[in-house]
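Student: I would like a close look at the aromatic side chains in this model, and at the strands that go with them. Could you take me through the pairs, the charges placed over rings and the strand pairing in one connected account?

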Amino acid sequence: MRESKRLQNLPPYLFRRIEEKIERATREGKEVISLAIGDPDRPTPAHVVEAMVREVRDPANHSYPTSVGLPEYRAAVAEWYRRRGVEVDPRSEVVALIGSKEGLAHLPFCFLDPGDLALITDPGYPVYRNCTLLAGGEPYLLPLRPENGFLPDLTAVPAEAARRAKLLFLNYPNNPTGAVADLDFFREAVDFARRYDLLICHDAAYADITYDGYRAPSFLEVPGAKEVAVEFGSLSKPYNMTGWRLGWVAGNAEAVSVLGRLKSNLDSGCFQAVQRAGIAALLGPQDCVREACRLYQERRDLVVGALNSMGWNLAGPKASFYVWAPVPRGYTSAEFVEAVFERALVILTPGEEYGPAGQGYFRLSLTVDTERLKLALERMQKALGRVQF
Ligand code: PMP
């Protein structure tokens with residue numbers, strides 16, 4: 001048996017490696033606190049669980065679903081957009097996804113031929129890069145720098161690369177940097193996509209996780225965005241539903257339909273009971289989302305306060321549940337993360353795991369019980385003392 005060359009070049013998924021590290025330490029009797037993975041620690045809201053229990057009893061939900069999703073689920077997604085002042089046609093401009101990762105991973109197969117480029121922000125969610133490679137395309141990385149608010153400088157993309165590119169991946173609120181983008185940047189991206197005839201894939205998985213009264217715009221709020229863009233949404237983060245696997249793609253009708261066509265050949269859609277529970281989440285009371293944001297905001301303030309008392313100078317993110325911070329002087333990202341693991345038994349994520357421009361940073365996730373988070377911060381304070389940059 002020999003795996004394909006395509007697979008030989010595919011690294012094991014980042015969090016698989018982190019899980020292995022935790023498993024090893026736990027076997028050795030160490031009590032590790034992981035701040036590495038962005039997976040909500042709170043349960044799915046009760047009314048969503050109740051809807052699921054009801055729907056799972058209904059035999060009408062036991063058959064194969066349609067691969068593009070129930071019309072009622074797609075209408076609930078259209079309602080999510082209507083609340084943001086955006087009209088999308090649920091029939092032609094929305095497709096249900098088995099989590100947004102599924103659609104993001106499959107999109108490169110729809111639009112890249114060998115030799116085509118995908119412009120990908122660096123650091124970034126690893127799926128854009130790895131699935132571009134799997135699909136036979138070439139990632140072209142756009143560095144995100146703090147001096148530019150972790151937005152890519154589209155004017156710095158060489159015309160030659162822009163002409164060869166078929167896709168541009170964007171993600172705001174951003175994982176891992178926690179940065180946000182305003183409508184002016186989205187407008188600039190729409191102009192860029194028109195100029196070079198490429199499709200923008202905006203990953204809005206964190207659109208509902210916002211703080212301090214900030215509201216994250218949908219990419220589709222820009223007039224004309226639907227001509228050049230699709231947006232990926234997810235129920236995972238706002239409704240603590242990572243395990244349920246439910247998301248969507250919305251926007252450009254042609255791109256949505258091409259992804260739907262690929263999916264109809266690959267999978268048979270999301271379990272209908274899950275889609276119906278998703279409708280309960282999207283159309284039901286939204287105080288659960290506000291409560292989740294309040295909790296993450298409280299934890300963000302704890303983390304930023306503790307790190308700043310140790311010598312960092314962080315403002316903290318306005319959205320997403322990640323704190324992105326530079327490593328102290330004298331360390332690479334990997335060395336710093338290893339030192340924190342060895343000395344404090346706290347697991348952080350090294351920035352370069354998200355791409356070369358992430359070197360010099362680490363990511364800390366706020367999806368950990370508040371008391372454990374406090375304990376992790378105390379351990380870090382004890383182990384590191386005051387740090388220098
Ligand atoms: N996009 C980003 C930026 C993410 O961080 C994640 C998950 N961590 C996803 C998409 C995928 O989310 P899901 O498949 O659960 O919708």
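Tutor: What follows goes from the aromatic rings to the charges above them and then to the strands. The model is a predicted one, and every value below is computed from it.

A search of the whole structure finds 21 aromatic pairs. In one of them, the ring centres of Trp80 and Tyr81 are 4.8 Å apart and the planes meet at 75°, which is over the 60 degrees required, so this pair counts as edge-to-face. Trp80 and Tyr81 are both buried. Another edge-to-face pair is that of Tyr172 and Phe185, with 6.0 Å from centre to centre and 75° between the planes. Because Tyr172 belongs to the loop between β5 (165-171) and α8 (183-196) while Phe185 belongs to helix α8, this pair ties together parts that are 13 residues apart in sequence. Tyr172 and Phe185 are buried as well. Beyond these pairs, one aromatic cluster is made up of Trp312, Tyr331, Phe336, Phe362 and Phe389.

Two lysines are placed over aromatic rings. Lys21 lies over the face of Phe341, 4.8 Å from the ring centre, and the charged end of Lys318 sits over the ring of Tyr214, at 5.9 Å from its centre, a distance to be read against the cut-off of 6 Å.

The cluster leads on to the strands, for Phe362 is one of its members and strand β12 covers residues 361-365. Strand β12 stands in the middle of an open sheet of three strands, whose order is β9-β12-β11 and whose pairing is antiparallel. At the edges are β9 (322-326) and β11 (349-350), each of which pairs on one side only. Between β11 and β12 there are two bridges, and Thr349 has Arg363 in β12 as its bridge partner. Strands of a sheet pair through backbone hydrogen bonds, in either a parallel or an antiparallel manner.

A further antiparallel pairing involves strand β2 (residues 94-97), which four bridges join to strand β8 (residues 247-251). Within this pairing, Leu97 stands opposite Gly247 in β8. In a regular strand the side chains alternate between the two faces of the sheet. In β2, Val94 and Ala96 are on one side and Val95 and Leu97 on the other, and since all of these are buried, both faces of the strand are covered.

Definitions and conventions
Residues numbered from 1 in each chain as written. Predicted model: local features only at pLDDT ≥ 70, side-chain atom pairs only at ≥ 80, totals over all residues. Heavy atoms only, no water. Pairing = 2+ DSSP bridges. Phe/Tyr/Trp six-rings, centres within 6.5 Å; stacked < 30°, edge-to-face > 60°. Buried < 20%, exposed > 50% of the residue type's maximum accessible area, 1.4 Å probe, protein only. Lys NZ or Arg CZ within 6 Å of the ring centre and 35° of its normal.
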